[in-house]
Amino acid sequence: MFFGKHRTDGNCIDENAEKMDGTEDSGQMIPEEAAEDGTQAGESVDMPEDDAGEAAEQTAQQQMAENEQLDTDDEDIDDFDVAGDELDDTVNTEPAEDAQSGQSEPQPQQPEETEEERRERIARRRRIFKKTAAISGISLGVLAVIYLAGVAFYNSHFFYGTVIGSYNCSNMSLAKAEEHITKGIDNYSFAIYQNNGVVENINGADVGLAAVSREKIEDIKTRQNPFLWPIPKKQRVLPMSVEISLDDELLKNKISTLKCVQESNAQMDGAVAGLYYDENDKVYHVKDDGTHSIVSERALFEKISGGMKGLYAEMNVEQEGLYGSFENDDRMNDTIWILNNCLNAVITYQRGEETTILDGGTIHTFLSVADDYSVSINDEAISAFVNDLAALYNTVGSTRTFTGSAGAEVTVSGGDYGWRVDKNKEIAELKDLIFAGQPVTREPAYSRTAGSHGPNNDFPNTYVEVSIAAQHLWYYKNGELVISSDVVTGNPYAGNGTHTGVYYLKYKERNATLVGDNYSTPVNFWMPFNGGEGLHDANWRGVFGGRIYMGGGSHGCVNCPYSTAQKLFENLNPGDPVIVY
């Protein structure tokens, strides 16, 4: 992230080291040769604690430079003692040539050094060497004293230039560093740099910022080796493990007041009208010339929250890449995501081997967006789709063709048995599936179901078949013929002919009484399938079948012998189809 480190002095880390807090004495001895200000040899000089660290480091660096020069001088002296005599004893007696005439001119002859002069010269050089060595030894002693003083000082203080986390703790004692960091967190502020030179700050106290836990200063100090204090930049940056908490809601409220957010919201007025479905890309976009500086409040929150929890000092909105076009707005971004997610829905309706697919190519015609960016599904559009689906999948009352028990092909229509789509329920479920945006294979929601999705009929291989013309009943269970019996159906001449069609058995009742306009008849087994029409026993009849129903039939029911009715009652279940033709 393009964050600046938190700076603790006016939100700025002073490039110069902070002064040490404390006045601990460091008694340093000044050698005789080093006493140039009138201080007596061996006299201790009190140095303030704040200056001790810096003075020790600066003096060490100067002495290291002097030692290097002394080493060079020693080498020159050694060479001089070894070869000096021979060099001095060698006299150049060759005459110099005249550049004009090409003739050599006689040179004056050097007087020959006496033995006494030679000894004096060597003695002088030895005195110089001894004095230089003595000075070097004293300098090394001073360095040793300064080094040890630095070790003692930095055993309880942080190195010059030390930064702990984001806080400059240069030459500070443990107590001072603790106070400095605590105060820095308590007074923490985060700067947000925006377009047009706008800078706004969020104070930690305004968003409930607090240190939940923080590594102890003593533990951080253990990572500093005091014996390495003269080495520049060694162990000067010490990370600090710190856990910061803040109130997310307070921070979000603060972010909503930032100028970049306010300007962004103003630019978004009316932008929702630019939403459109791209027929080529098969996705939604928003018309935008790309010149807008729209920011996402969510993205700002993540960046600012992370920066503040890291105790950084600032962030730059542009450098963080948070300015963008209309789609950068949280509301617009969410709306486009919802729209395109709806297009991901692929709903496959399966009926036997037949399929009907609803995908984004149709779904986008259902979708609409309000001024408040809310996405809804148009009821009229989706109702039209479900109506078409019902017309395709409903089989109640449809014409069915099958091979009857007598061997002839039978065509029958009407009745209440079959599949019927529950339109209201299907619309509600379909909306949920579209918003879920997932591929799914399903059947519609049905208010009425059948036993199968056969190519010609939809009843299963368990059913009752009644032929009015044959005055006969057959009962099949799992494809096996279980009952075959003559019956008597309704009297067509009295207007009570049994209705044809495919019905489902509503229920069954033992020892019921059938009541009509001019009758009240008890039966042992009652199994209605179409209002007042049903299967039941008829003890008053001694004969069934033939042409009895013509003039002597029932009020519409299918009269059965007692044994037939009993067996039907034992095997039939509500919902089983009853086919009458």
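1. In this predicted model, strand β27, spanning residues 463-467, pairs with strand β35 through three bridges, and the pairing is parallel. One contact can be followed at residue level: Val466 has Val580 of β35 as its bridge partner.

2. Strand β35 also pairs with strand β30, which covers residues 501-504; here the two strands run antiparallel and are joined by four bridges. Within this pairing, Tyr503 has Val578 of β35 as its bridge partner.

3. Are the two faces of β35 covered or open? The strand comprises residues 577-580, and both of its faces are covered. Pro577 and Ile579 lie on one side, Val578 and Val580 lie on the other, and all of these residues are buried. The two bridge partners named above, Val580 and Val578, are therefore both under 20% relative accessible area, the limit for a buried residue.

4. A second group of strands involves β18, which consists of residues 347-351. This strand is mostly covered, with four of its five residues buried.

5. Which strand forms a hairpin with β18? The partner is β19, made up of residues 354-358 and paired with β18 in the antiparallel sense over five bridges. Arg351 stands opposite Glu354 of β19. Two residues separate the strands of the hairpin, and Gly352, in the turn, has a positive phi of about 60 degrees.

6. Strand β18 further pairs with strand β25, residues 440-442, in the parallel sense, and three bridges connect them. In this pairing, Ile347 has Val440 of β25 as its bridge partner. Thus β18 has an antiparallel pairing with β19 and a parallel pairing with β25.

Methods
Residues are numbered from 1 along each chain as its sequence is written. This is a predicted model: local features need pLDDT of at least 70, side-chain atom pairs count only at pLDDT 80 or more; totals for chains, interfaces and linings use all residues. Side-chain values use heavy atoms; hydrogens and water are left out. Buried means under 20% relative accessible area, exposed over 50%, partly exposed in between (1.4 Å probe, protein chains only). Two strands pair if DSSP finds at least two bridges between them.
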